[in-house]
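Student: I've got a protein structure to look at, and I'm not sure how to read it. Can we go through it together?

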Amino acid sequence: MTGLRYVYAVCRPFGAALQSQLTGLGGDPPRLLNHHGLIAVVSHVPERDFAEAPLRAHLEDLEWLTATARAHQCVIDALTAVTTPLPLRLGTVFRDDSGVRTMMEAREEDFHRILDRVQGRVEWGVKVYAEAEKREPEQEKPAQPVSGRDYLRQRRQQTKAHEDSWQKAESFATRLHDMLSAHAEDSRLHAPQNATLSGAPGRNVLNAAYLVPRADSEEFVELVDRMKDDTPGMRVELTGPWAAYSFTELSDTELSEEERP
């Protein structure tokens with residue numbers, strides 16, 4: 001089959017078989033390209049979509065980008081079930097197998113170092129949201145202020161209630177992060193999610209990732225579950241297990257002009 005080579009991830013050789021029905025981008029089943037004790041997981045993709053100019057245009061198309069990211073993640077998830085992959089960024093494309101091998105050789109030391117660090121480990125994501133306090137049915141709305149002094153008093157009370165709620169959320173998030181970090185090999189704090197962009201209700205006060213040995217994952221999940229109802233008004237969301245995206249320290253794959261399709 002002709003076409004460019006799309007690279008999902010790099011990993012070490014593994015014995016387990018991938019899902020027989022697994023397909024990658026464009027419906028092409030991913031295949032394994034061996035080089036110097038490493039494996040690149042690749043698919044053939046058409047130049048009309050993945051050459052440099054059309055790919056740049058597609059990355060501005062949210063519908064195309066979402067579908068591509070979903071197909072990319074399906075392959076990563078399948079790999080995570082049988083081995084420890086090092087995911088490459090979305091849209092990592094080479095002209096041919098030779099270009100993939102050139103990249104692997106250039107990054108060989110980095111790949112081995114990172115895979116040594118994350119081998120047998122997975123990433124768990126934990127988010128904490130401070131939810132707005134629900135008004136009880138019997139609670140009445142504050143009376144309309146009858147003077148400027150009443151208005152200022154009500155504003156001070158509202159501000160103090162908001163500050164107290166925020167302090168409680170910060171305290172809970174800090175305590176949870178410290179506890180989970182103690183049960184993980186490493187952790188990363190990410191910027192809080194924008195509620196407008198994420199669509200998630202509540203204010204995101206913790207957005208963290210934890211690197212956990214696969215064998216210890218059940219204990220880690222149970223710990224999160226025990227903390228979920230620890231503080232009213234806090235919502236804890238757990239996601240994973242994922243490939244160790246936050247701990248690869250390989251945010252990009254630099255391509256030379258000769259390697260670019």
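Tutor: Sure! Let's begin with a word we'll need: two residues are in contact when they have heavy atoms within 4.5 Å of each other. Keep in mind that this is a predicted model.

Student: Okay. Which residues does Asp49 touch, not counting residues up to four places away in sequence?

Tutor: Asp49 touches Pro54, Leu55, His58 and Trp64. As for its place in the fold, Asp49 lies in helix α1, residues 47-50.

Student: Is Asp49 buried, and what about a salt bridge? Which side chain of opposite charge is nearest?

Tutor: Here a cut-off helps: buried means under 20% relative accessible area. Asp49 is buried yet has no salt bridge. The nearest side chain of opposite charge is Arg48, 4.0 Å away.

Student: How much of the chain is buried?

Tutor: Of the 261 residues in the chain, 41% are buried. The chain has eight helices and nine strands. It exposes about 14,900 Å², and carbon and sulfur atoms supply 50% of that.

Student: And how do I spot parts that are distant in sequence but meet in space?

Tutor: Look at contacts between residues at least 6 apart in sequence: in this chain, 79% of them join residues at least 24 apart. Take Gly3, in the segment before β1 (4-11). The C-alpha atoms of Gly3 and Val45 are separated by 5.4 Å, although the two are 42 residues apart along the chain. Leaving aside neighbours within four places in sequence, Gly3 contacts His44, Val45 and Arg95. Gly3 counts as partly exposed because its relative accessibility is 24%.

Student: What should I look for in the backbone?

Tutor: Start with the general idea: most residues other than glycine have a negative phi, and most peptide bonds are trans. Now the cases here. His36 has a positive phi, near 55 degrees, and sits in the loop between β2 (31-35) and β3 (38-45).

Student: Where is the cis peptide bond?

Tutor: The bond from Gly240 to Pro241 is cis, with omega near 0 degrees. Pro241 lies in strand β9, residues 234-242.

Student: Last one: which residues gather in a patch of negative charge on the surface?

Tutor: Asp and Glu count as negative, and the patch gathers Asp216, Glu218, Glu219 and Glu222. Asp216 lies in the loop between β8 (203-213) and α8 (217-227). With a relative accessible area of 37%, Asp216 is partly exposed.

Methods: Residues numbered from 1 in each chain as written. Predicted model: local features only at pLDDT ≥ 70, side-chain atom pairs only at ≥ 80, totals over all residues. Heavy atoms only, no water. Patch = residues over 30% accessible without salt bridge, like charges linked within 9 Å, V, L, I, M, F, W, Y side chains within 5 Å. Areas by Shrake-Rupley, 256 points an atom, 1.4 Å probe, with all protein chains shown as cover. Charge placed at Lys NZ, Arg CZ, Asp CG, Glu CD. Helix = DSSP H or I, 4+ residues; strand = E, 2+ residues; numbered from the N terminus. Buried < 20%, exposed > 50% of the residue type's maximum accessible area, 1.4 Å probe, protein only.
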